[in-house]
Amino acid sequence: MASSSSIPATTLGEIRVAQRADGPAAVLAIGTANPPHCVLQEDYPDYYFSVTKSDHLTDLKRTFAKLCGMTAIGRRFFHHTDELLATHPGLFLDARLDVVATAAPELAASAAANAIAEWGRPAGDITHLVVSTNAGSHAPGADVRLVSLLGLRHDVLRTVLQLNGCASGCAALRLAKDLAENNRGARVLVACVEEADSFDTLIPQGLFGDGAGAVIVGAEPYVHERPLFEMVTASQYVIPDTEHMLTMQLRSGGIGGTIATGLPRLAAGIVEQCLLDAFGDRLAGMGGVVEWNNLFWAVHPGSSAMLDHIVGALRLAPGKLAASRTVVREYGNMLGATVIFVLDEVRRQREDPEGEGAGHDKGWGVMMGFGPGFTVETMLLHAAT
């Protein structure tokens with residue numbers, strides 16, 4: 001037994017203070033990636049009914065074409081090419097999962113490599129890894145594969161979030177914020193990767209695409225690090241009695257579930273109260289009134305209808321969700337990865353003196369995502385540049 005004189009005279013409280021960072025977590029770098037196979041939205045009904053050998057279902061194809069035309073999506077990217085589908089007829093669940101087990105980590109690694117290059121430090125300086133995906137169900141999974149693909153330390157602390165739907169990107173960033181602020185010197189790599197063309201019903205087939213987004217998060221940035229957004233505070237709400245509105249599960253044909261047609265109206269009806277409960281005391285101006293148009297917005301664009309309803313509910317100027325609209329037009333809905341693309345687009349628009357985001361906010365902003373539950377994820381951001 002060690003003598004009492006050998007025990008450091010440090011209290012538990014002092015140990016905890018030393019473990020925690022002194023400042024807020026910040027986004028230090030962002031990277032994105034997509035598969036090379038791109039399909040224009042106007043061509044997608046012909047493409048989809050051809051590869052599924054369903055061209056004889058002319059009425060259904062006409063309905064699907066009308067649905068695709070209402071999405072405000074211009075193009076989407078997919079891992080599954082004609083050649084892949086030809087070599088995997090039917091591509092039911094087992095075959096899909098085998099394809100995803102290889103493709104998803106590689107796509108995530110591409111996005112992560114872009115983020116690490118922008119960050120400017122070695123991959124070995126990453127202390128924590130948070131992987132979020134709605135694709136695949138293997139163990140070991142994409143997190144373990146990323147360690148070798150990126151050359152991360154073998155003692156990196158890994159966490160995986162799965163089947164959190166479109167809210168998963170915000171949830172992963174919320175977790176990264178907590179890890180960075182409670183572990184002094186931590187550098188957290190968040191990697192969100194989606195192989196979303198596994199949906200087995202028509203409405204999701206008209207909305208979702210494949211992509212990966214990665215973010216480096218850390219507190220107390222070093223001299224050569226360039227913080228982009230400080231992560232001020234985060235919240236999560238589950239709206240009572242809405243479990244049936246948005247659901248996901250793995251089925252034989254891919255990812256199944258329900259997307260209620262009333263989802264945009266539901267989100268619009270509760271979004272302002274969620275924001276006021278989470279951030280109202282920090283944002284209220286004279287008379288306790290929050291002017292939402294004074295903020296920049298990084299909103300997950302579940303659909304153009306969702307964005308339209310949020311604009312109306314918060315009385316936003318038409319260009320306030322420009323970043324979200326740009327991303328959904330150029331990539332479609334990539335589930336949890338989408339909000340990282342939106343955050344990157346917000347960064348670009350704010351840095352462009354001619355862009356829609358230039359000089360139109362006071363440096364404060366909100367990131368928001370929606371997922372099964374029905375769950376609303378929010379984070380208050382402060383632009384560091």
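## Backbone exceptions

A72 sits in the loop between α3 (58-69) and β3 (75-78). In this predicted model, A72 has a positive phi of about 65°, although A72 is not a glycine. The residue is partly exposed, with a relative accessible area of 47%. L335 also departs from the usual pattern: its phi is near 50°, a positive value in a residue other than glycine. L335 belongs to the loop between α11 (322-331) and α12. With a relative accessibility of 2%, L335 counts as buried, because buried means under 20%.

A cis peptide bond, with omega of about -10°, joins G373 and F374. F374 is placed in the loop between β12 (364-371) and β13 (375-383). As background, most residues other than glycine have a negative phi, and most peptide bonds are trans.

## Overall composition

The protein contains twelve helices and 13 strands. Of its 385 residues, 54% are buried. The protein exposes about 16700 Å², and carbon and sulfur atoms supply 56% of that area.

Contacts can also be sorted by sequence separation. Among those between residues at least 6 apart in sequence, 77% join residues at least 24 apart.

## Nonpolar cores

In soluble globular proteins, nonpolar side chains tend to be buried together. Here the largest nonpolar core has 38 residues, of which V190, V217 and F229 touch the most other members. Helix α7 (residues 168-182) gives the largest share of this core, seven residues. A second, separate core has 32 residues, including A278, W292, L295 and L316.

Leaving out residues up to four places away in sequence, F229 touches A25, A26 and V27, as well as F296, L343, V346 and R347. The remaining partners of F229 on that count are L381, H382, A383 and A384.

## The second largest cavity

The structure holds three cavities of 30 Å³ or more. The second largest cavity encloses about 40 Å³ of space. F229 appears again here, since the lining of this cavity consists of L228, F229, R347, R350, E351 and T385. R347, another lining residue, is also among the residues that F229 touches.

Helix α12 (residues 338-351) gives the most to this lining, with three residues. By class, the lining of the second largest cavity has two nonpolar, one polar and three charged residues.

## The largest pocket

The largest pocket has a volume of about 660 Å³. Its lining comprises 35 residues, and I203, L207, I259, P264 and S303 are those that lie nearest its centre. Several elements give two or more residues to the lining: the helices α8 (202-205), α9 (263-283) and α10 (304-314), and the strands β9 (246-251) and β10 (254-259).

By class, 20 residues of the lining of the largest pocket are nonpolar, 14 are polar and one is charged.

## D143 in helix α6

D143 is part of helix α6 (residues 142-150). This aspartate is buried, because its relative accessible area is 8% and the limit for buried is under 20%. Apart from neighbours within four places in sequence, D143 is in contact with L129, V131, R158 and V160. The C-alpha atoms of D143 and T159 are 7.6 Å apart in space, while the two residues are 16 residues apart in sequence.

Definitions and conventions:
Residues numbered from 1 in each chain as written. Predicted model: local features only at pLDDT ≥ 70, side-chain atom pairs only at ≥ 80, totals over all residues. Heavy atoms only, no water. Helix = DSSP H or I, 4+ residues; strand = E, 2+ residues; numbered from the N terminus. Buried < 20%, exposed > 50% of the residue type's maximum accessible area, 1.4 Å probe, protein only. Contact = heavy atoms within 4.5 Å. Areas by Shrake-Rupley, 256 points an atom, 1.4 Å probe, with all protein chains shown as cover. 1 Å grid on protein atoms, 1.4 Å probe; cavity = no way out; pocket = protein on both sides within 12 Å on 5 of 7 lines; lining within 4 Å. Points joined across faces, edges and corners; volume = space filled by probe spheres on them. Nonpolar A, V, L, I, M, F, W, Y, C, P; charged D, E, K, R; others polar. Core = buried A, V, L, I, M, F, W, Y, C linked by side-chain atoms within 4.5 Å.
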